[in-house]
Amino acid sequence: MPAQTPDTPAKPTGDWPDDWPYGLPGATPDSGLAALALEQMDQGVILVDADLTVRVINGPLYELFGRPRDSLRRASYADLVRALAENGEYGPGDLDDIVASRIDEARRADPPLFEHRRPNGRVLEVRTRRTPAGGFVRTYADITERKRADDELATQRHLLRLTLENMGQGIVLLDRDLRYIAWNANARDLLGLPEEMLRGAPTLEEVVRFQLATRQLEMPAGAPDFGDDLEAKLRHLMQRLGRPEREFVYARPQGDGRFIEVRVVPLPDGGQVRTFTDITDRVIADEAVRQSREILTGVIDAIPALIDVKDRDGVVRLTNRYYRDTYGADAGPPAGPATDRAAALDRLVVESGQGVPFHEDSAPDAAGQPRHWLATKMPLTDEGGEVTHIVTVALDITARKRAEAELRDAQASLIQAEKLSSLAQLVAGVAHEVNTPIGVTLTAISHLGEEVRRIRTLFEENRIRRSDFQDFLDVAWETTRMILTNVERATGLIQSFKQVASDQASGERRPFDLAAYVDEVLLSLRPRLRRTAVTVAVDIPPGLIVDGYPGSFAQVLSNLIINALVHAYDEGQPGRITLTAREDPPGWIDMRYADDGKGIPAAIRGRVFEPFFTTKRGTGASGLGLSICANIMAGTMRGGIALEDSALEDGEGRGTRFVLRFPMGDDRATAPAAET
């Protein structure tokens with residue numbers, strides 16, 4: 001019997017195909033090569049004969065199942081299955097049932113191809129082929145890595161499909177002939193294409209023709225009017241949008257009113273990726289923003305104020321028409337102190353995050369003319385509260401400032417006119433008051449002259465008697481006394497009127513006795529008071545020397561009394577005005593005015609010191625009396641005047657009361673004046 005090499009298996013016995021060359025006696029040298037090749041395969045191989053005896057098992061099969069080499073040689077297939085089942089190869093269950101089921105599958109070679117997942121997670125691809133003698137050959141290939149790669153690829157494909165199908169955009173892939181080879185549902189819906197048409201791989205030209213024919217696609221704005229010429233429209237679109245050289249984005253209107261943004265990305269092989277995004281809402285929103293911007297621009301352009309918006313770096317980003325009309329379309333305020341102040345305020349807004357309240361400023365316009373502005377600055381912030389822009393609004397108050405200056409001039413003129421009016425009344429009072437003593441004097445002189453002529457006639461005719469001369473002396477004495485008395489009275493009146501008039505006209509500062517000067521002022525007002533039933537009572541101690549402006553004080557006192565005669569009492573109505581004054585606190589005069597007239601209604605008490613406010617506009621009142629009093633007391637007299645509450649318990653007012661406080665001199669002013 002010929003010897004066997006160690007690498008040559010013994011001859012199989014049993015149901016074995018006669019043409020099987022593996023290990024048979026008398027085999028050719030190729031048999032050894034076949035055995036060697038079988039051992040070198042990356043698959044496990046098992047040969048089982050018709051009686052289910054294992055005839056051949058190669059080494060890789062032992063390795064796949066983790067069994068010792070040659071441990072199952074000449075075992076039955078049932079023993080092999082049971083051994084594997086005992087190791088948990090087929091999962092839990094009854095061993096006999098598992099073995100019976102596996103043997104039945106092997107006999108039927110069903111299924112001829114299946115996958116077996118081992119307990120360690122490896123996956124084997126199992127192929128079964130029946131032999132002519134009734135046995136079978138089974139191969140086991142480890143496809144774990146391939147399955148993992150296939151699973152990963154399938155997962156990626158699934159995720160890619162999910163991604164494409166759930167994209168907010170439509171996406172299509174075109175080949176080098178511009179045929180549709182892939183698409184998602186959004187692309188189909190946005191393009192309005194039937195599924196069966198897409199499955200037929202239409203060309204881009206066919207799709208565009210279909211969309212034009214079904215009016216799902218409108219010609220873009222600016223395109224020529226081709227009428228109903230479908231092919232002309234198609235050529236126009238394909239020439240411009242069919243094969244762009246680089247990535248290209250355009251928006252096109254749909255026939256249903258929507259707007260689609262198309263992005264075309266050329267591929268190296270000549271194909272294309274096209275994405276389609278419904279931008280209808282964005283177009284509508286952009287149009288709304290555009291209209292809102294136009295409205296906002298129109299509004300700020302209509303505002304008669306300078307409006308500019310700067311960024312954090314001070315660069316002007318937006319101006320309104322008034323700004324451009326003032327400084328020019330591409331210019332700004334000329335350099336200077338006003339520009340420096342504005343830049344400093346801009347930095348303050350950026351650093352503090354707070355606006356700057358309205359404030360007055362002056363700056364020249366583009367023509368160099370001085371302008372006055374009432375300006376404010378406000379910050380614009382982002383979501384984090386950081387200042388991004390500064391808005392400046394400046395109202396042109398040049399005309400107002402000019403009007404204020406003119407008003408001040410007019411007020412000064414009116415005040416001067418009021419002073420002249422007071423002087424005119426003073427002159428009238430002088431004439432009226434001096435008229436009586438002058439008249440008495442003239443009468444006495446006339447009477448004395450007649451007596452002189454009479455006594456002279458008697459003397460010349462030598463008929464004068466002692467009694468006649470005695471009578472003449474008596475008359476002369478009485479008349480002379482009367483003349484002297486009335487002349488002195490007139491002189492005193494003229495001197496008093498002259499002092500008051502001089503004080504009012506000159507406005508000079510000098511010391512004066514308050515009580516005596518009040519009497520002089522009242523003396524000048526006596527003609528006006530005599531035409532009324534109103535009396536004036538004075539309670540001012542002598543010796544209150546005020547180093548101030550007697551003329552201004554006389555005007556205040558005159559205005560208070562005349563204001564009462566005009567407003568507090570009806571014609572012929574009796575009344576009483578009381579004037580009191582004390583030094584309280586030291587160095588300050590606390591003077592009180594009170595009348596028992598109608599009083600001032602509560603509704604207008606807050607306006608009595610306003611210029612030109614009067615309740616008797618139609619009767620010649622100017623409304624400046626109390627306003628002048630307030631200005632003189634606050635300015636010239638360095639004090640103040642206030643209206644005191646004179647309401648009774650039942651809420652009705654009786655009379656009017658003013659309190660005047662002013663210093664007796666600069667060196668003795670130790671307390672604040674009353675507020676007006």
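Biologist: Which helix and strands each supply at least two residues of the lining of the second largest cavity?

Modeller: This is a predicted model. Rolling a probe the size of a water molecule over the atoms shows where empty space is left. Here, helix H4 (95-108), strand E3 (113-117) and strand E5 (136-142) each contribute at least two lining residues to the second largest cavity. H4 gives the largest share, three residues.

Biologist: How many cavities of 30 Å³ or more does the structure hold, and how much space lies in the second largest?

Modeller: There are six cavities of 30 Å³ or more. The second largest holds about 90 Å³ of space.

Biologist: What classes of residue form the lining of that cavity?

Modeller: Seven lining residues are nonpolar, one is polar and four are charged. Among them are Phe65, Tyr77, Glu89, Arg102, His116 and Arg138.

Biologist: Turning to helix H15, what span should its 17 residues have?

Modeller: A rise of 1.5 Å a residue gives the expected value, so residues 514-530 should span 24 Å. The end C-alpha atoms of H15 are 23 Å apart, which agrees.

Biologist: Where does H15 bend?

Modeller: The bend, about 45°, is at Ser524, and Pro527 follows within four residues. Both Ser524 and Pro527 are among the buried residues of H15, which also include Leu514, Tyr517, Val521 and Leu529.

Biologist: Which residue caps the N-terminal end of H15?

Modeller: Asp513 does: one of its side-chain oxygens lies 3.1 Å from the backbone nitrogen of Ala515. Ala515 is itself buried.

Conventions. Residues are numbered from 1 along each chain as its sequence is written. This is a predicted model: local features need pLDDT of at least 70, side-chain atom pairs count only at pLDDT 80 or more; totals for chains, interfaces and linings use all residues. Side-chain values use heavy atoms; hydrogens and water are left out. On a 1 Å grid over the protein atoms alone, a cavity is a set of points where a 1.4 Å probe fits but cannot get out, and a pocket is an open set with protein on both sides within 12 Å along at least five of seven lines; lining residues have an atom within 4 Å of a point. Grid points are joined across faces, edges and corners, and a volume is the space filled by probe spheres set on the points. Ala, Val, Leu, Ile, Met, Phe, Trp, Tyr, Cys and Pro count as nonpolar, Asp, Glu, Lys and Arg as charged, and the others, Gly among them, as polar. The expected span of a helix is 1.5 Å times one less than its number of residues. The bend at a residue is the angle between axes fitted to the seven residues ending there and the seven starting there. Buried means under 20% relative accessible area, exposed over 50%, partly exposed in between (1.4 Å probe, protein chains only). A polar contact is a pair of N or O atoms within 3.5 Å; within protein, one must be able to donate a hydrogen and the other to accept it, and residues adjacent in sequence count only if both atoms are side-chain atoms.
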